[in-house]
Amino acid sequence: MHHANHYYGHSHVLARYCGLDDTDPPRLHGYLQHGWNIGDGLAPDHEYVPGAPSFLWSERTRRRAWSLGRRQGYVVGAPFAYLLSMEPLSPDEQREGTIWYPFHGWEGQHVLGDHDGLMAEIRRVEEGPVTVCLYWQEYRNARLRARYERAGFRVICHGFRGGWWKDLDPGFLYRQLGELRKHKRVASNRLCSAVFYGALAGCEPAVYGDPMQLQGETSAFGGQARILREWASLHGPAVDVDVARHIAVDELGADRLLSPAELRRLLGWPLPTSVDDAELTGVLIR
């Protein structure tokens, strides 16, 4: 099983949805998209076995993968959308303020940018209390974390992404969903998974501020310029909430979620003895 299938507890969420042991998910026979991107859904720095299937979030991503020669792509929807289907929103939820996700680096690349300028802009735009959620790498930087705290922000981290079967965090998406539900708005300086998650979870999304840069960043698949051009309606301190939610549903495949039996069949997971033959037939002819 490719180690990236465990990122953010994705395999654990899908195992729970399928009625399997979510503390020890079965091996997933293929590659699961682990974050929103504008390419074929897979990380460009990972090595993949030719011919292995890809399990992608949306039809748009599947079509891009097809055009790039990845022909064994299947639309399954984002794990976050499955989690939301199991933890439905309540109309009585009390929301306040904004949860803000600064663009982050990863283990192989750090972010370069003006955090002080970004904090000042957040303060100018946001009217209520602000929670800043840092990636674990930035959160461990005590000096950077203290700068956000001194600016008056509540600073949190959802947990580890995990990697190479270490530091796995099955509770990551649960904590993220819990925080999103506390906030009225979700924002970032780059369009990213968290913004789409927030829109799907009932937040008012926004994308503004210095987008910053990764060390040695390249403009794969058109890069930031293409994102600004193609998803222009999601950029700015305030965007149309209905439009944003429609786009989030599309990009996360929230309207394409499979039944537990279908998902088990597609991922190569054990089937229950009472599985509905009609459901299986639906998968086999897709």
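A residue counts as buried when its relative accessible area is under 20%. Keep that cut-off in mind on this tour of a predicted model.

**Stop 1: Phe196 and Trp36**

Select Phe196. Its relative accessible area is 1%, so Phe196 is buried. Now add Trp36 to the selection. With a relative accessible area of 11%, Trp36 is buried too.

How are the two rings arranged? The ring centres of Trp36 and Phe196 lie 5.0 Å apart and the planes meet at 55°, so this pair is tilted. Next, colour the chain by residue number and look at where each partner sits. Trp36 belongs to the loop between strand 1 (31-32) and strand 2 (54-56), while Phe196 belongs to helix 8 (residues 193-200), so the pair ties together parts that are 160 residues apart in sequence.

**Stop 2: helix 8 and its neighbours**

Stay with helix 8 and show the strands beneath your selection. Helix 8 lies across strand 4 (98-101), strand 8 (185-188) and strand 9, and runs at about 165° to strand 8.

Now select helix 10 (residues 241-252) as well. Two packed helices are described by the angle between their axes and the distance between the axes. Here the axes of helix 8 and helix 10 come within 8 Å and cross at roughly 115°. The crossing of these two helices is left-handed. Which residues make the contact? From helix 8 they are Phe196, Tyr197, Ala199 and Leu200, and those from helix 10 include Ala244, Ile247, Ala248 and Leu252. Phe196, from your first stop, is back in view here.

**Stop 3: the five-stranded sheet**

Hide the helices and turn to the strands. You should find an open sheet of five strands in the order 7-6-4-8-9, with parallel pairing. Which strands are at the edges? They are strand 7 (154-156) and strand 9 (204-207), each pairing on one side only. From one strand to the next, the twist averages 20°.

Zoom in on strand 6 (residues 130-133), which pairs with strand 7 in the parallel sense over three bridges. Pick Thr131 and you will find Arg154 as its bridge partner in strand 7. Pick Cys133 and the partner in strand 7 is Ile156. Strand 6 also pairs with strand 4 in the parallel sense, over three bridges. On that side, look for Trp100 standing opposite Val132.

Now show the side chains of strand 6. In a regular strand the side chains alternate between the two faces of the sheet. Are the residues of strand 6 buried or exposed? Val130 and Val132 on one side, and Thr131 and Cys133 on the other, are all buried, and both faces of the strand are covered.

**Stop 4: more rings**

The whole structure holds twelve aromatic pairs. Select Tyr7 and Tyr8: their ring centres are 6.3 Å apart and their planes stand at 75°, so this pair is edge-to-face. Both tyrosines are buried. Add Phe172 and you have one aromatic cluster with Tyr7 and Tyr8.

Rings can also have charged neighbours. Select Arg190 to see its charged end over the ring of Phe103, 3.8 Å from the centre. Then try Arg145, which lies over the face of Tyr139 at 4.8 Å from the ring centre.

**Stop 5: Leu32**

Finish at Leu32 in strand 1. Its relative accessible area is 3%, so Leu32 is buried. Among the residues that Leu32 touches are Asn5, His10, Phe55 and Val76. For a last distance, pick the C-alpha atoms of Leu32 and Leu56: they are separated by 6.4 Å, although the residues are 24 apart along the chain.

Notes
Residues are numbered from 1 along each chain as its sequence is written. This is a predicted model: local features need pLDDT of at least 70, side-chain atom pairs count only at pLDDT 80 or more; totals for chains, interfaces and linings use all residues. Side-chain values use heavy atoms; hydrogens and water are left out. Rings of Phe, Tyr and Trp (its six-membered ring) pair if their centres lie within 6.5 Å; planes under 30 degrees apart count as stacked, over 60 as edge-to-face and the rest as tilted. Buried means under 20% relative accessible area, exposed over 50%, partly exposed in between (1.4 Å probe, protein chains only). Helices (H or I, at least four residues) and strands (E, at least two) are DSSP runs, numbered from the N terminus. A charge sits over a ring if NZ of Lys or CZ of Arg is within 6 Å of the ring centre and within 35 degrees of the ring normal. Two strands pair if DSSP finds at least two bridges between them. Axes are lines fitted to C-alpha atoms, for helices over the stretch in contact, and angles run from 0 to 180 degrees between N-to-C directions. Contact means heavy atoms within 4.5 Å. A crossing is left-handed if the near helix is turned anticlockwise from the far one by less than a right angle, and right-handed if clockwise. Lists of a residue's contacts leave out its neighbours within four places in sequence.
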